[in-house]
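Open the model in your viewer and keep the selection box handy. We will go from stop to stop, and at each one you will hear what to pick and what is there.

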Amino acid sequence: MADFIAARGASAGLDVEFQEVFPGRRNVWLRLAPAGRTRSRVLLAPHLDTVGSLDGSDRVFEPRLKDGRIWGRGACDTKGSVAAMLSALFRLAERGSRPLETEVIFIGLVDEESHQHGSRAVVKAGFRADLGIVGEPTRLEVVTAHKGDLWARLETRGKAAHGACPSRGRNAVRAMARVVEALEGEYAAALAKRSHSLLGSPTINVGTIRGGIQPNIVPDHCAIEVDRRMLPGETGEGVRREILSFLRARGLRVSALDLKGVPEPALETDPSLPWVRRFMGAVGTKRALGVHYFCDAAVLAMGGTPCVVFGPGDIAQAHTADEWIAESSLERGAGLLSRFLEGLP
């Protein structure tokens with residue numbers, strides 16, 4: 001993907017460079033320099049990676065055009081944003097009507113679907129822009145807020161014993177059952193009482209549970225993995241401590257480990273910022289939205305780039321076996337982005 005985009009960018013007359021993130025996996029940068037002195041910078045930032053196939057086959061990645069839709073895994077998440085952003089940028093470069101003082105940079109990012117190492121590498125390199133437009137399938141709505149995310153593993157310990165004499169042991173699965181009930185019940189209810197104007201309430205989901213070896217052994221270990229979505233102002237470490245404190249106050253002893261190990265905070269960009277208002281005006285929307293998923297926008301914002309999330313397609317189709325994006329959404333998205341770029345100072 002990076003090589004393909006680099007070749008297309010070079011043929012359009014853009015400056016091209018690579019940024020290695022992992023061996024063999026690189027962010028690709030395309031730069032359109034302004035006609036005069038650079039006074040501002042706009043970033044177009046979709047991700048290049050796509051979630052894998054559940055059955056290990058490549059069938060879901062085969063593109064098909066039918067009934068006005070492009071079908072295939074990654075079509076909307078986020079090859080649609082890649083295509084719309086590149087189309088708008090190439091139009092601007094080919095027309096020779098580049099902005100007088102605004103540099104436009106496209107960065108195709110790797111690893112968004114995992115730990116966002118691509119966007120983290122951009123931040124680590126010290127990059128900042130006046131506005132970042134992060135490509136995700138938002139139905140061409142402007143998103144200024146999204147939830148943060150913590151994945152944690154919680155473990156209970158017991159004492160093994162023969163299943164014929166369970167009283168001699170201490171059942172870690174039974175202890176974990178109480179933990180699950182507390183988290184999905186009382187704790188989830190408490191979270192529902194908190195609210196954000198664009199994002200609603202934080203949530204928790206117990207996604208996996210593993211414990212025991214076989215039926216005739218009292219299990220001495222059990223582990224669950226939870227997904228805790230966060231609101232602006234919450235941090236992963238703060239939420240981890242909150243969960244531990246909540247459980248211990250109820251006599252439930254667990255250990256907790258952050259499975260991601262990197263901060264994934266919520267995004268909250270002020271929609272009244274001049275560059276955000278400029279973009280919203282160009283694409284014809286007056287109201288900013290919030291979304292429940294996490295993406296590269298929060299990472300880039302942590303590095304000092306105010307970000308919005310915007311792109312063709314609908315997140316409802318993302319990660320599905322029959323993922324698709326409408327041609328009309330792609331074309332409209334490219335047109336709206338072109339309108340914004342062509343109006344840059």
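Select threonine 78, which lies in helix 2; helices here are DSSP runs of H or I with at least four residues, strands are E runs of at least two, and both are numbered from the N terminus. Now add aspartate 77 and look at the link between the two: the peptide bond from aspartate 77 to threonine 78 is cis, with omega near -5 degrees.

Before moving on, a note on what you are viewing. This is a predicted model, in which local features need pLDDT of at least 70 and side-chain atom pairs count only at pLDDT 80 or more, while totals for chains, interfaces and linings use all residues. Residues are numbered from 1 along each chain as its sequence is written, and side-chain values use heavy atoms, with hydrogens and water left out.

**The whole chain**

Zoom out and show the cartoon. The chain has 8 helices and 18 strands, and its C-alpha trace spans about 80 × 45 × 40 Å along the principal axes. Of the 345 residues, 48% are buried; buried means under 20% relative accessible area, exposed means over 50%, and partly exposed is in between, with a 1.4 Å probe and protein chains only. Among contacts with a separation of 6 or more, 79% are between residues 24 or more positions apart, where contact means heavy atoms within 4.5 Å.

**The largest core**

Which residues have the most contacts inside the largest nonpolar core? Select Leu30, Phe106, Ile133, Phe279, Phe310 and Phe340 to see them; the core has 41 residues. A nonpolar core is a set of buried Ala, Val, Leu, Ile, Met, Phe, Trp, Tyr and Cys residues joined through side-chain atoms within 4.5 Å. Among the elements giving two or more residues to this core are helix 1 (2-11), strand 2 (25-32), strand 3 (40-46), helix 2 (75-95) and helix 8 (327-342). Helix 2 gives the largest share, 9 residues.

Now centre on leucine 30. Leaving aside neighbours within four places in sequence, its contacts include Ile5, Ala6, Leu86, Phe90, Val104 and Phe106. Apart from this core lies another, of 23 residues; pick Leu191, Val226, Met230 and Phe246 to find some of them.

**Alanine 45**

Next, go to alanine 45 in strand 3. Alanine 45 is buried, with a relative accessible area of 1%. Not counting residues up to four places away in sequence, alanine 45 touches Met85, Ile107, Leu109, Ile133, Val134, Gly135 and Leu300. Try your distance tool from alanine 45 to isoleucine 315: they are 270 residues apart in sequence and 17 Å apart in space, C-alpha to C-alpha.

**Aromatic pairs**

The structure holds 5 aromatic pairs. Rings of Phe, Tyr and Trp (its six-membered ring) pair if their centres lie within 6.5 Å; planes under 30 degrees apart count as stacked, over 60 as edge-to-face and the rest as tilted.

Start with tryptophan 29 and phenylalanine 127, an edge-to-face pair at 5.4 Å centre to centre with 90 degrees between the planes. Tryptophan 29 is in strand 2 and phenylalanine 127 in the loop between helix 3 and strand 7, so this pair links parts of the chain 98 residues apart. Both residues of the pair, tryptophan 29 and phenylalanine 127, are buried.

Then select phenylalanine 279 and phenylalanine 310. Their ring centres are 5.1 Å apart and their planes at 90 degrees, so this pair is edge-to-face. Phenylalanine 279 is in helix 6 and phenylalanine 310 in the loop between strand 17 (307-309) and strand 18 (324-326), so the pair ties together parts 31 residues apart in sequence. Phenylalanine 279 is buried at 0% relative accessible area, and phenylalanine 310 is buried at 1%. Add Phe340 to your selection, and you have a cluster of Phe279, Phe310 and Phe340 linked by ring pairs.

**Two loop residues**

Buried or exposed: what is glutamine 116? With a relative accessible area of 2%, glutamine 116 is buried. Glutamine 116 sits in the loop between strand 6 and helix 3 (117-124) and has a positive phi of about 60 degrees although it is not a glycine.

Finish at arginine 139, in the loop between strand 7 and strand 8 (143-146). Arginine 139 has a positive phi of about 60 degrees, although it is not a glycine, and at 59% relative accessibility arginine 139 counts as exposed.
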